[in-house]
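Biologist: I am new to this structure and would like a close look at one part. Please take me through the salt bridges there and the places they connect.

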Amino acid sequence: MGVTGAGKTTVGRALAEALGADYADADAFHSEDNVAKMSAGEPLDDADREPWLRAVGDWLAARDAAGGVVSCSALKRTYRNALRERGPGMWFLHLAGPPDVAAARVGEREGHFMPVSLVTAQYAALEPLTDDEPGLTVEFVLPPEQIVEQALRTLAEIQAESSKEVI
């Protein structure tokens, strides 16, 4: 999860490969209307996002047993809650970092519908993970390999903790 330009696609693909899990980019689940709106520099509102989040959540829920990785902004807690309603075992990797770096990355992309002008709107909407949400926050300025390494280490710790026998 994170704002546009955080590296969600790069990290998501690498993490899915390391886990041997299916991968999807949540951008592929947007309606044509949502893409047109964002392409015009208009931020999406909650009503625009609702069917999109449902589709992303359904994709993840269908992979609940085998696992799946999806790159999704999931900017607000309510969005993450909507995703977790469909797949309660979801865990979030929040790629956080400076707005100027995200804007520079978006400016360098070719062929993507998200304009640089929406970076500010995404940061304004962003509600970082809180301590009571399942996940990890990592600085997106780190090399993708280090981010994936941190995520894998944390996931292994969670799995080890959950498999301990309670006496």
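Modeller: The side chains of Arg-77 and Asp-132 form a salt bridge, with 2.8 Å from N to O. A salt bridge here is a side-chain nitrogen of Lys or Arg within 4 Å of a carboxyl oxygen of Asp or Glu. Arg-77 sits in helix α4 and Asp-132 in the loop between α6 (118–125) and β4 (135–139), so the pair links distant parts of the chain, 55 residues apart. Helices (H or I, at least four residues) and strands (E, at least two) are DSSP runs, numbered from the N terminus. Arg-77 is partly exposed, at 27% relative accessibility, whereas Asp-132 is exposed, at 57%. In these terms, buried means under 20% relative accessible area, exposed means over 50%, and partly exposed lies in between (1.4 Å probe, protein chains only).

This is a predicted model, in which local features need pLDDT of at least 70 and side-chain atom pairs count only at pLDDT 80 or more, while totals for chains, interfaces and linings use all residues. Residues are numbered from 1 along each chain as its sequence is written, and side-chain values use heavy atoms, leaving out hydrogens and water.

A second pair joins the same helix and loop: Arg-84 forms a salt bridge with Glu-133, their closest N and O atoms being 3.6 Å apart. Arg-84 lies in helix α4 and Glu-133 in the loop between α6 and β4, so this pair ties together parts that are 49 residues apart in sequence. Both partners are buried: Arg-84 has a relative accessible area of 14%, and Glu-133 has 5%. These contacts belong to a network of salt bridges that links Arg-77, Arg-80, Arg-84, Asp-132 and Glu-133.

Two arginines of that network, Arg-80 and Arg-84, are buried in α4, as are Tyr-79 and Leu-83. These four residues cover an arc of only 140 degrees around the axis, which puts them on the same side of α4; the arc is that of the directions from the helix axis to the C-beta atoms. What covers the buried residues of α4 includes α3 and β3 (92–96), where contact means heavy atoms within 4.5 Å.

Helix α3 is also tied to α4 by a salt bridge. Asp-58 pairs with Arg-86, the closest N and O atoms being 2.5 Å apart. Asp-58 is in helix α3 (residues 46–61) and Arg-86 in helix α4 (residues 77–86), 28 residues apart. Both are partly exposed, Asp-58 at 39% and Arg-86 at 32%. A search of the whole structure finds 10 salt bridges.
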